[in-house]
Amino acid sequence: DPDELLVIANSVNPHIKFTIEKPVNNTIPFLDTLVHVDGGIIQFELFIKPTHSGTCLPYDSHVPNSRKKCLIISENVRVKRIASNKFLQTSENKISNRLTQNGYPKRIINSTIRAISLTKREQPDYTSFIKIPFISEKQKTQVLKLIKRTNLEEKIRVVFTTEKPLAWQFRAKHEVLSCPPNCIAC
């Protein structure tokens, strides 16, 4: 009996409390999946908690457009891996609505979804990686064109970063302490 198991589990340590989630209308959430059991057939749908804020990377944020497209792709790949055919469209709509609420244009969502392929693409064996701060889409495009024009695209992988906020660029530099001559600690 699940209720008896719950009492036993909660009696082990007074600081840890377990709960049991029982199926409602033959459905039960499990992680990010809603499991439907109908006539012995198990189907799956994307599950988003009712308390989820619905936020994700806003479309107007200052990050490369490629990162925004990767968000669209990864969310839709997740849906395709989770959802059964019966619930695929419903699950895709949940993701599309969330992206739209965060400012993503429908045309970009739809064109990116059409381009999704679950097949693994061959990646070149890069000999070098270059980490470049992302400043703008124009700068990124110019760098990638230069790499292509010099025939280095198969050898050099360029990674654009947005690690440090712009405000950090304007902060005063901290004084670097130097050790006295013949320092034993260093």
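Here are some short exchanges on the strands, helices and cores of a predicted model.

Student: Why are β2 and β3 called paired strands?

Tutor: Pairing needs at least two bridges. Six bridges join β2 (residues 33-38) to β3 (residues 41-46). So the two count as paired, and they run antiparallel. In β3, Glu-45 is the bridge partner of Leu-34. His-36 stands opposite Gln-43 in β3.

Student: What lies between β2 and β3 in the hairpin?

Tutor: Two residues separate the strands. Gly-39, in the turn, has a positive phi of about 60°.

Student: What makes β1 and β3 the edge strands?

Tutor: The open sheet has the order β1-β2-β3, with antiparallel pairing. β1 (27-30) and β3 each pair on one side only. The twist averages 25° from one strand to the next.

Student: Which strands does helix α2 touch?

Tutor: Helix α2 (residues 65-82) packs on the sheet and touches β2 and β3. Its direction makes about 170° with that of β3.

Student: Why does Leu-71 count as buried?

Tutor: Leu-71 belongs to the largest nonpolar core, which has 12 residues. Members of such a core must be buried, so Leu-71 has under 20% relative accessible area.

Student: Which helices supply this core?

Tutor: α2, α3 (88-101) and α4 (106-114) each supply at least two residues. The largest share, four residues, comes from α2.

Student: Where does Ile-132 belong?

Tutor: Ile-132 is in another core, of seven residues, lying apart from the largest one. Val-143, Ile-147 and Ile-156 are also among them.

Definitions and conventions. Residues are numbered from 1 along each chain as its sequence is written. This is a predicted model: local features need pLDDT of at least 70, side-chain atom pairs count only at pLDDT 80 or more; totals for chains, interfaces and linings use all residues. Side-chain values use heavy atoms; hydrogens and water are left out. Axes are lines fitted to C-alpha atoms, for helices over the stretch in contact, and angles run from 0 to 180 degrees between N-to-C directions. Contact means heavy atoms within 4.5 Å. A nonpolar core is a set of buried Ala, Val, Leu, Ile, Met, Phe, Trp, Tyr and Cys residues joined through side-chain atoms within 4.5 Å. Buried means under 20% relative accessible area, exposed over 50%, partly exposed in between (1.4 Å probe, protein chains only).
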